[in-house]
Amino acid sequence: MLNVAIIGAGVGTSHLAGFAELPDSYTVKTICDLDQERGRALADTQPGIGYTASMAKVLADPDIDLVDICLPPHLHFSACMDALEAGKKVICEKPLVASLRDADRLAEKVGQTGGFLSPVFQYRFGLGTAQLRALMDAGLAGRAYAGTLETHWNRDAAYYAIPWRGTWAGEQGGAMLGHAIHIHDLLPMALGPVDQVYADLGTRVNEIEVEDCAALSIRMKSGALITSSVTLGCAEDTSRMRLMFEGFTVESDQAPYSLANKAWRFVARPPTEQSQIDQVLADVGPVLSGYAGMFDAIKRKLDGEDAPYVTLDAGRQSLEFVTAAYGSARSGLPVSLPLGPDHAMYDGWVP
Ligand SMILES: NC(=O)c1ccc[n+]([C@@H]2O[C@H](COP(=O)([O-])OP(=O)(O)OC[C@H]3O[C@@H](n4cnc5c(N)ncnc54)[C@H](O)[C@@H]3O)[C@@H](O)[C@H]2O)c1
């Protein structure tokens, strides 16, 4: 059983619901938020949860095993470093940090302290991704040829009224960093490493500093060719992933914030037969989705199981993709991965 403090009561509300699905693994002891009214209101939704405005108090509390950071992006790096230094296990919302250098510093700190840090990518967890994994494990996928990704969401002025949003200083990026990061994280999970990214970015929907539209052309190391379309100006919120493998075509659900929760559609491609696909799918599930699935994988990993928790490396990989996209958009040229300390944007993409 791990005792948890949730730092930040915005998306922290969804985290609390996720932990509540796992009462044998986690007890949320504290909600921490500078905004007393907001923090207390969340703490009061369940019995036995305390409230504090002070993260320093949380870090000094020996009863807290795990600190779950749901703060605005520009606070993630310092909060993660402080929590690791205090000997806490750490979960941190996306985007983990705003540069590859800071991601590497976090990895160093984890190494020095023997600590644990898992970035948030809750889209990875659900029936759809479990089905895809099962079909790949059964050897039915074969080579991946091509695919399309869509992050077509709607965000208006009310969304951008929160001061940190829409700014380089507060949000540290736009739709590439804050919205499409989820679906782009699914790519290496499904297809292995990214080889090259070409990106065209634009601010077309809202009066903000950062981008809210993007068109990307992505080549995987396997050779698979992917396009990704991103906008915050769609009439409704939909996400979708379509991947064409040798053995089948998969189309995800379209739920924007829980892409993997429901079953995905798998259509066999000859000589693979639909009955082979259906036979594998019949044995998948039930599985925990979203935050609960993610927290469950973390607990199982900490208990010594080989669980598919989100690694710090996966967090770095997603930032490498973001770095490549900003690098490409600014140079007008494709950017090849991986990116190390010698890359011009190793210290970040924020202008
Ligand atoms: N994974 C997802 O699907 C998802 C969804 C929404 C947001 N997010 C991410 O979660 C993070 C938070 O986003 P949000 O929408 O909840 O933001 P928010 O602004 O609504 O909430 C952040 C909270 O942090 C509090 N806070 C700020 N500084 C603090 C400090 N020093 N100590 C304690 N509390 C402090 C604020 O008072 C605020 O209540 C962002 O990184 C965002 O990108 C992820």
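Which residue, with a positive phi, follows α6? That residue is G139, and its phi is near 80°. The model described here is predicted.

**Helix α6 and its surroundings**

Helix α6 spans residues 127-137. Its buried residues are G128, T129, A130, Q131, L132, A134 and L135. These buried residues pack against two helices, α8 (181-191) and α9 (274-281), and against the strands β11 (233-245), β12 (248-251) and β13 (265-268). After the helix comes G139, the glycine with the positive phi.

**Two domains and their contact**

The domain assignment divides the protein chain into domain 1, residues 2-122, and domain 2, residues 123-288. Taken over C-alpha atoms, the centres of domain 1 and domain 2 are 26 Å apart. Ten residues from domain 1 and 15 residues from domain 2 make up the contact.

The size of an interface is often given as the accessible area lost when the parts come together. For domain 1 and domain 2 the buried area is about 1,200 Å², and 64% of it is on carbon and sulfur atoms. On the side of domain 1 that touches domain 2, six residues are nonpolar, two are polar and two are charged. The rule finds zero salt bridges across the interface of domain 1 and domain 2. For polar contact, six residue pairs are found across this interface, both residues of each pair being at pLDDT 80 or more.

**Backbone features**

Two peptide bonds that lead into a proline are cis in the model; they are listed below.

| Peptide bond | Geometry | Omega |
|---|---|---|
| K94 to P95 | cis | near -15° |
| L337 to P338 | cis | near 5° |

P95 belongs to the loop that joins β5 (89-92) to α5 (100-113). P338 is found in the segment after β14 (335-336).

Another backbone feature is at Q172, which has a positive phi of about 70° although it is not a glycine. Where is Q172 placed in the chain? Q172 sits in the loop between β7 (144-154) and α7 (175-178). Is Q172 buried or exposed? The relative accessible area of Q172 is 12%, and the cut-off for a buried residue is under 20%, so Q172 counts as buried.

Definitions and conventions:
Residues numbered from 1 in each chain as written. Predicted model: local features only at pLDDT ≥ 70, side-chain atom pairs only at ≥ 80, totals over all residues. Heavy atoms only, no water. Domains from an automatic or database assignment. Contact = heavy atoms within 4.5 Å. Buried area = accessible area lost by both parts, 1.4 Å probe. Salt bridge = Lys/Arg side-chain N within 4 Å of Asp/Glu carboxyl O. Polar contact = N/O pair within 3.5 Å; in protein donor to acceptor, adjacent residues only side chain to side chain. Nonpolar A, V, L, I, M, F, W, Y, C, P; charged D, E, K, R; others polar. Helix = DSSP H or I, 4+ residues; strand = E, 2+ residues; numbered from the N terminus. Buried < 20%, exposed > 50% of the residue type's maximum accessible area, 1.4 Å probe, protein only.
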